[in-house]
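Open the model in your viewer and show side chains as sticks. The tour moves from charged pairs to aromatic rings.

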Amino acid sequence: MMGVQEYLEILRNIRDCAFATVDCTGAPAVRIIDVMLVEEGRLYFCTARGKNFYAELMANPAVAVTGLNKEWQTVRLMGRAERLADGEQKAMIDRIFQENPSMEGVYPGEARYILEAFVIAEGRLEFFDLGKSPICRESSSFGRAEREEKGFRITEDCIGCGTCAAVCPQQCIAEGEPYKIAAAHCLHCGLCFESCPVEAIERLDSEAH
């Protein structure tokens, strides 16, 4: 299992990632934003004060970030984007431009200071590798965020019929009393959950997968 910094480095290497926020009407909004810097288990990015993205972050810091690299590895980050303090802004914007020299062509000279820097210092991370067979899934958390367990679990109500193992697309369910799902290889598709004749499989969270 990788560490938080390694997950964040994947997003940094992808660079152009999808950032989802909540707009002023409560509707979801998503756009491509550059991951500018990753260090000490924190992710930094910036945006201009005149943008809707900036207003959304200031009104509601909840954000989700997703990126997919060429190896078919996805990292999903759900956390809080906090604006850096006024006294830190200029130095961080200068640092961002130093680490990302192409920014000078977009915001030349003093124009760079229309940008403000944000940091994601806490959140939950999900890693999903579709480039392997069977697939590989990992989850983690950082800062004050708690790790969230997802997927499905086979309970003691299991009768050992093997239906779940037979239908599993990744063949990641092992025989036992009860049968057991290998969470690291589970797609979270729910086919076992829907197929169990005695409803012995439970969802570990209320989200749709």
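Select glutamate 122 in this predicted model. Its relative accessible area is 17%, so Glu122 falls under the 20% limit and counts as buried. Now add arginine 144. The two side chains form a salt bridge, 2.9 Å from N to O. Arginine 144 is exposed, at 72% relative accessible area. The bridge therefore has one buried partner, Glu122, and one exposed partner, Arg144.

Where do the two residues lie? Glutamate 122 is in strand E7, while arginine 144 is in the loop between strand E8 (136–142) and E9. They are 22 residues apart in sequence, so the pair ties those two parts together.

Next, pick out Arg49, Arg83, Asp86 and Glu116. Shared partners join these four residues into one salt-bridge network.

Return to strand E7 and select glutamate 126, then arginine 76. Their side chains meet in a salt bridge of 3.6 Å, N to O. Arginine 76 belongs to strand E6 (residues 73–83) and glutamate 126 to strand E7. The partners are 50 residues apart in sequence, so this pair also links separate parts of the chain. Is each partner buried or partly exposed? Glutamate 126 is buried, with 18% relative accessible area. Arginine 76 is partly exposed, at 30%.

Now display helix H3, residues 86–99. Select lysine 90 and aspartate 94. Both lie in this helix, 4 residues apart, about one turn. They form a salt bridge, with 3.5 Å between the closest N and O atoms. Aspartate 94 is partly exposed, at 24% relative accessibility.

How many salt bridges does the whole structure hold? A full search finds 16. Side chains of opposite charge can pair when their charged atoms come close.

Switch to the rings. The structure has 7 aromatic pairs. Select tyrosine 54 and phenylalanine 118. Their ring centres are 5.9 Å apart, and the planes meet at 75°. That angle is over 60 degrees, so the pair counts as edge-to-face.

Tyrosine 54 lies in helix H2 (residues 52–59), and phenylalanine 118 lies in strand E7 (residues 115–129). The pair ties together parts that are 64 residues apart in sequence. Are these two rings' residues buried or exposed? Both are buried: tyrosine 54 has 12% relative accessibility, and phenylalanine 118 has 0%.

Widen the selection to Phe19, Phe45 and Phe53. Together with Tyr54 and Phe118, these residues form a cluster linked by ring pairs.

Move on to phenylalanine 152 and phenylalanine 193. Their centres are 5.4 Å apart, with 40° between the planes, and the pair is tilted. Phenylalanine 152 is in strand E9 (residues 152–154), and phenylalanine 193 is in helix H6 (residues 191–195). The two are 41 residues apart in sequence, so the pair ties that strand to that helix. Phenylalanine 152 is buried, at 7% relative accessibility. Phenylalanine 193 is partly exposed, at 32%.

Keep phenylalanine 193 selected and add arginine 203. What sits over the ring? The charged end of arginine 203 does, 5.5 Å from the ring centre. Phenylalanine 193 thus takes part in a ring pair with phenylalanine 152 and carries the charged end of arginine 203 over its ring.

Conventions. Residues numbered from 1 in each chain as written. Predicted model: local features only at pLDDT ≥ 70, side-chain atom pairs only at ≥ 80, totals over all residues. Heavy atoms only, no water. Phe/Tyr/Trp six-rings, centres within 6.5 Å; stacked < 30°, edge-to-face > 60°. Buried < 20%, exposed > 50% of the residue type's maximum accessible area, 1.4 Å probe, protein only. Lys NZ or Arg CZ within 6 Å of the ring centre and 35° of its normal.
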